[in-house]
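Biologist: I am new to this structure and would like to understand how each label in its description is earned. Could we take the labels in turn, with the reasoning behind each?

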Amino acid sequence: TGQWRRESSMWGAGSRYSSAVIGRGYRTQSPLCYNTGSWTQGTPSLITHRTVSSSVFPLYASRPTTLFGTLFASGRWTLSNRASYATAALPYGNKLRNVAIIAHVDHGKTSLVDKLLTQSGTLDAEEGERVMDSNELEKERGITILAKQTSLDYEGYHINIVDTPGHGDFGGEVERIMGMVDGVVLLVDATEGPMTQTKFVLSKALQNGLRPVVVLNKMDRKTTRVDEVETELFDLFSTLNASEEQLSYPTLYASGRDGWCVKNLRDPKENMNPLFDAIIEHVPPPKIEEGAPFKLLVTNLEHDQHLGRILVGRIHSGSVKPGDELHALSRDGKDHGPGKVIKVLGRKGMDRYVMSEGFAGDIVGVAGFSSASVTDTLAHPSVTSPVPANPIDPPVLSMMFGINNSPLAGKEGSRLTSGMLRDRLHKEIEHNVTLEVNATGSEGQWEVRGRGELQLSILIENMRREGFELSISPPEILSKTTEDGRVLEPLEEVFIEIPNEYLGLIIEKMTARRGEVAEMKKSDDRTVVTFYVPSRTLLGFRAEVNMVTRGTMVMHHSFHSWVTFKGEVENNRKGVLVSTADGVSTTHALHALEPRGVMFISPQTKVYTGMIVGEHSKKGDLDVNPVKEKHLTNMRSMSKEEFFRLLPPRNFSLEEALTYVNDEELVEVTPQSIRMRKAVLDPGARATALRKKKK
């Protein structure tokens with residue numbers, strides 16, 4: 001690419017020719033130089049240097065003692081054996097590795113990636129911890145929500161790394177990137193062992209034929225169970241029908257926090273090099289369709305304020321460079337029309353850099369296509385069929401998203417209209433392939449389907465931070481009907497770790513929710529129980545049990561299968577206290593209401609008719625007046641200086657509020673507040689609707 005020109009007497013160190021690095025001091029009569037960029041001064045030997053250049057240099061076979069030319073192949077130097085030129089940069093060849101880091105939530109993926117980037121020289125140690133968790137909510141909650149790609153160089157190899165979420169609700173992020181990598185690093189806590197999400201992510205990797213590298217993490221703890229965890233892992237591989245090649249996985253031992261990894265526990269614990277070596281040895285280079293035109297499957301979306309939408313994916317065949325004419329194909333083969341590549345971008349560490357050309361096997365970002373989205377294929381105009389995308393498990397839960405129509409609407413947010421809400425939801429499904437948005441026929445209301453309440457609550461939280469005011473219905477578990485008329489519902493595999501003193505309580509509550517015990521493991525003070533339970537019966541379970549167990553329960557769940565409907569479950573929720581007046585709550589009124597139940601609000605809180613202000617101590621709702629004031633008189637009173645001491649109100653997080661409300665109630669979400677309310681605000685209309693329902 002570009003133009004060659006002659007340079008006399010020697011390679012001009014420091015002059016402006018190419019941004020690659022070459023040994024200085026080698027003289028020849030008429031070498032050829034690549035006329036772009038600038039030279040950097042090096043040493044009289046073949047050396048490697050991190051650079052974006054991928055130019056080609058000749059070796060003069062007639063003067064091998066006076067000039068050692070070098071062939072720069074996108075990150076590494078190799079010796080050429082003849083005087084020849086190339087008109088394009090060469091791909092990484094067999095020195096490219098694409099790998100995903102998969103694990104259960106909180107098993108240390110992001111911390112491990114931090115050390116890999118730091119020890120490879122890609123990042124400085126001062127750049128902070130958990131740098132891959134760039135989303136604000138990820139940093140707050142300490143979990144990975146979005147799959148993110150980065151890359152590093154190690155001993156001449158270029159390694160693309162994808163950090164994936166560990167929570168079951170974001171499993172779609174894991175599913176869609178499996179076609180982008182050629183191997184996985186399965187990270188397992190050496191104390192906890194394989195968990196529900198470990199089983200899920202491993203099953204997806206094995207189904208795609210990927211060979212794993214197993215790493216037992218957090219080996220710095222004193223509570224590790226190495227032998228037991230290794231046995232549990234092998235049993236899990238066998239249960240998931242792993243092939244013989246997949247069963248011969250290597251096992252390493254690491255502490256991501258301390259930055260070391262070893263093949264044998266007796267080896268010195270110095271750095272992460274054994275993990276780098278294992279990736280290079282056991283993860284194969286990408287398979288490339290030789291001679292085929294350019295094809296790229298879009299698996300992620302990024303945005304740049306100057307370039308707009310950036311489509312990220314792996315190049316299956318061919319190459320791409322700025323100016324190329326391509327077209328986009330949807331999953332079903334629909335043509336989105338032609339477009340021109342503006343930029344080809346790569347990632348190294350946390351930085352995005354411009355590439356002169358992207359080659360088959362590499363993971364790149366392409367700018368210039370505003371209509372293409374996730375699971376679409378970017379391809380040469382001669383390509384008519386898209387690259388097959390990995391199937392995504394269907395949603396199991398739905399909520400109704402509507403505009404806020406309460407008496408306090410418009411007082412705290414800036415995005416209030418149904419058009420803004422519609423556009424925001426459609427924008428979300430462009431890159432979040434596990435979500436579905438359907439019109440309901442009601443003005444200002446849409447049905448949103450997802451994989452779990454946490455996934456949808458993250459969407460709601462992001463929207464409220466953007467200034468939206470929303471009315472959200474309680475989550476509803478989706479079912480499906482077979483051809484023979486049977487109703488099927490989703491079944492969850494639930495993992496619970498609990499102190500032994502609460503074991504009986506947990507089994508009792510799970511049995512009441514149609515749950516079945518699948519496995520139980522007891523230790524001295526804690527018990528690990530695995531249940532199979534219908535998804536619909538889990539709504540609100542975590543919040544209820546955490547109150548009883550004082551926050552000592554550890555619970556994880558993931559989708560298991562579709563089963564025949566297991567029957568209705570009795571709703572044990574008590575009634576609520578519903579406001580019958582508009583205004584500001586008073587201490588006098590709340591003190592009088594405390595014997596009636598638990599309050600959800602504190603004094604000086606704005607309330608309105610139909611707003612839920614507390615939980616009734618009995619079954620059935622109770623209408624109350626939380627704004628009532630103490631009347632003043634001209635009579636002396638011994639209690640005029642009386643002070644009331646109110647109990648602290650019960651505060652709800654967004655997830656807790658969504659699982660607390662019933663079918664007749666809504667959650668009002670604004671940038672500043674989370675309120676619960678009746679869907680029908682007027683008490684008289686609500687009573688009439690209840691009578692009709694009973695008839």
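Modeller: The model is predicted, and in it the accessible surface of the protein chain comes to about 32,800 Å², with 48% of that surface belonging to carbon and sulfur atoms. The chain has 695 residues, of which buried residues make up 52%, and its secondary structure consists of 14 helices and 41 strands. Among contacts between residues at least 6 apart in sequence, 68% join residues at least 24 apart.

Biologist: Why is glutamate 232 called buried?

Modeller: Glutamate 232 has a relative accessible area of 17%, and buried means under 20%, so the label applies to glutamate 232. This residue is found in helix α5, which covers residues 226-239.

Biologist: What makes the pairing of the side chains of glutamate 232 and lysine 521 a polar contact?

Modeller: The side chains of glutamate 232 and lysine 521 come to 3.3 Å, and a polar contact asks for a pair of N or O atoms within 3.5 Å, so the distance meets the cut-off. A polar contact of 3.4 Å also joins the side chains of glutamate 232 and arginine 225. Once neighbours within four places in sequence are left aside, glutamate 232 is in contact with Gly193, Pro194, Arg225 and Lys521.

Biologist: Why does serine 585 count as buried?

Modeller: Serine 585 has 0% relative accessibility, and since buried means under 20%, the conclusion for serine 585 is that it is buried. It is found in the loop between β35 (583-584) and α12 (587-593). A polar atom of the serine 585 side chain lies 2.9 Å from the backbone oxygen of serine 602. Apart from neighbours within four places in sequence, serine 585 is in contact with several residues, among them Leu590, Ile601, Ser602 and Pro626.

Biologist: Leucine 590 appears among those partners; why is leucine 590 called buried?

Modeller: Leucine 590 has 2% relative accessibility, and the cut-off for buried is under 20%, so leucine 590 is buried by that rule. Leucine 590 lies in helix α12, and its contacts beyond four places in sequence include Ser585, Met599, Ile601 and Leu646. From C-alpha to C-alpha, leucine 590 and leucine 647 are 9.7 Å apart in space, while 57 residues separate them in sequence.

Biologist: Which label, buried or exposed, fits valine 661, and how do you know?

Modeller: Valine 661 has a relative accessible area of 6%, and buried means under 20%, so valine 661 is buried. It lies in the loop between α13 (654-660) and β40 (665-669). Not counting residues up to four places away in sequence, valine 661 touches Pro474, Arg573, Leu666, Val667 and Met676. Valine 661 and glycine 540 are 121 residues apart in sequence and 9.2 Å apart in space, taken from C-alpha to C-alpha.

Biologist: Why is arginine 514 called partly exposed?

Modeller: The relative accessibility of arginine 514 is 37%, and partly exposed is the class between buried, under 20%, and exposed, over 50%, so arginine 514 takes the middle label. Arginine 514 is found in the loop between α10 (503-512) and β31 (516-522), and it has a positive phi of about 65 degrees although it is not a glycine.

Biologist: Why does lysine 218 count as buried?

Modeller: Lysine 218 has 15% relative accessibility, and the limit for buried is under 20%, so lysine 218 counts as buried. Lysine 218 lies in the loop between β11 (211-217) and α5, and its phi is near 60 degrees, a positive value in a residue other than glycine.

Biologist: How do you know where empty space is left?

Modeller: Rolling a probe the size of a water molecule over the atoms shows where empty space is left. This structure holds 6 cavities of 30 Å³ or more, and the second largest cavity has a volume of about 70 Å³.

Biologist: What lines the second largest cavity?

Modeller: The lining of the second largest cavity includes Gln149, Glu302, Ile310, Leu345, Arg352 and Val364. Strands β15 (308-317), β19 (343-348) and β22 (363-367) each supply at least two residues of that lining. By class, the lining residues divide into 5 nonpolar, 3 polar and 3 charged.

Note on methods
Residues numbered from 1 in each chain as written. Predicted model: local features only at pLDDT ≥ 70, side-chain atom pairs only at ≥ 80, totals over all residues. Heavy atoms only, no water. Helix = DSSP H or I, 4+ residues; strand = E, 2+ residues; numbered from the N terminus. Buried < 20%, exposed > 50% of the residue type's maximum accessible area, 1.4 Å probe, protein only. Polar contact = N/O pair within 3.5 Å; in protein donor to acceptor, adjacent residues only side chain to side chain. Contact = heavy atoms within 4.5 Å. Areas by Shrake-Rupley, 256 points an atom, 1.4 Å probe, with all protein chains shown as cover. 1 Å grid on protein atoms, 1.4 Å probe; cavity = no way out; pocket = protein on both sides within 12 Å on 5 of 7 lines; lining within 4 Å. Points joined across faces, edges and corners; volume = space filled by probe spheres on them. Nonpolar A, V, L, I, M, F, W, Y, C, P; charged D, E, K, R; others polar.
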